[in-house]
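Thanks for coming. I will talk through one structure, starting from a single residue and working outwards.

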Amino acid sequence: MMQFVATIGRNDPCPCQSGKKYKKCCLPAHEARAAEQRRAHEQRNAVQRPDVAAVARALAPMLAFDDDGFDDLSNSAVDLANDGHFDEALAVCARLLAEFPDVVDGLERSAMVHAKMGHHTLAADFYRQAFDFVNDPSRRDHYEEHDYYREQAEKQQRLAESV
């Protein structure tokens, strides 16, 4: 019997529901666990290991990336909202929208903050915008969680209508 495993993109929301991006939340622990499992497998099967330093040097150019502050800014919106600092969180969301317009985070974080504030209609609107953003044909291949934003918009809309 085949087993299908859902893939989680580095920029997707973390499946642990922390609100942070996967790459800034659980990905390091998952990678460490996978590396440990590979090492254990290699030891069990007496696999000849390559020179780790040489492999790291060879991979370094492919793994290098510029730290533009995006991840820290995006995650700070989550942290501020979780701590109840909504005005500061919304200011961070505005910066995300202005400084990183080609990434969905500004819309998603704005929706999340408004939801935590109980502004469900605004949250639903931001989630709809995020859904439209990731489903744009020019971006569709870059995002894996297409239905997440639609589902969140529907949930927030139901909450707004029940109040």
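Leaving aside its neighbours within four places in sequence, K21 touches R10, N11, D12, C14, F70, D71, S74, N75, D105 and R109. Before I go on, please keep in mind that this is a predicted model. K21 itself belongs to the segment before α1, and α1 covers residues 27-44.

Is K21 buried or exposed? Its relative accessible area is 2%, and the cut-off for buried is under 20%, so K21 is buried.

Two of those contacts deserve a closer look. With N11, the K21 side chain makes a polar contact, side chain to side chain, at 3.4 Å. With D105, K21 forms a salt bridge, and the closest N and O atoms are 3.0 Å apart. Where do the two partners of this salt bridge lie in the chain? K21 is in the segment before α1 and D105 is in helix α5, so the pair links distant parts of the chain, 84 residues apart. D105 is buried as well, also with a relative accessible area of 2%.

As general background, side chains of opposite charge can pair when their charged atoms come close.

Next, the helix that D105 belongs to. Helix α5 runs over residues 105-117, which makes 13 residues. At 1.5 Å a residue it should span 18 Å, and its end C-alpha atoms are 18 Å apart, so the expected and the computed values agree.

How many residues of α5 are buried? The count is 11 of the 13, so the helix is largely enclosed by the rest of the structure. The buried ones are D105, G106, L107, E108, R109, S110, A111, M112, V113, H114 and A115. What do they pack against? The answer is four helices: α3 (70-82), α4 (86-99), α6 (120-135) and α7 (146-162). Just after α5 comes G118, with a positive phi of about 85 degrees.

Back to the salt bridges. The structure holds nine of them, and I will describe two more.

One is between D71 and K23, with the closest N and O atoms 3.3 Å apart. D71 sits in helix α3 and K23 in the segment before α1, so this pair ties together parts that are 48 residues apart in sequence. D71 counts as buried at 12% relative accessibility, and K23 counts as buried at 17%.

The other joins the side chains of E154 and R150, at 3.3 Å from N to O. Both of these residues are in helix α7, four residues apart, which is about one turn of the helix. Are E154 and R150 buried, partly exposed or exposed? E154 has 37% relative accessibility and so counts as partly exposed. R150, at 31%, also counts as partly exposed. Some salt bridges share partners, and in this way K21, D105, E108 and R109 are joined into one network.

Now the empty space. In general, rolling a probe the size of a water molecule over the atoms shows where empty space is left.

How many cavities of 30 Å³ or more are there? The count comes to one, and the largest cavity has a volume of about 30 Å³. Its lining consists of N11, D12, P13, Y143, E144, E145 and Y149. Among these, N11 and D12 came up earlier as contacts of K21.

There are also pockets, which are open. The largest pocket has a volume of about 480 Å³. Its lining is made by 23 residues, and those closest to its centre are Q17, G19, Y127, Y148 and Q152. Which helices each supply at least two residues of that lining? They are α3, α5 and α7.

One last residue, T7. T7 is also placed in the segment before α1. At 56% relative accessibility, T7 counts as exposed, since the cut-off for exposed is over 50%. How far is the T7 C-alpha atom from that of E144? The two C-alpha atoms are separated by 8.3 Å, while the residues are 137 apart along the chain. E144 is one of the residues that line the largest cavity.

To recap, K21 is buried and has a salt bridge to D105. The helix that holds D105 has 11 of its 13 residues buried, and α5 is one of the helices that help line the largest pocket. That is the end of my part.

Technical notes. Residues numbered from 1 in each chain as written. Predicted model: local features only at pLDDT ≥ 70, side-chain atom pairs only at ≥ 80, totals over all residues. Heavy atoms only, no water. Buried < 20%, exposed > 50% of the residue type's maximum accessible area, 1.4 Å probe, protein only. Polar contact = N/O pair within 3.5 Å; in protein donor to acceptor, adjacent residues only side chain to side chain. Contact = heavy atoms within 4.5 Å. Expected span 1.5 Å × (residues − 1). Salt bridge = Lys/Arg side-chain N within 4 Å of Asp/Glu carboxyl O. 1 Å grid on protein atoms, 1.4 Å probe; cavity = no way out; pocket = protein on both sides within 12 Å on 5 of 7 lines; lining within 4 Å. Points joined across faces, edges and corners; volume = space filled by probe spheres on them.
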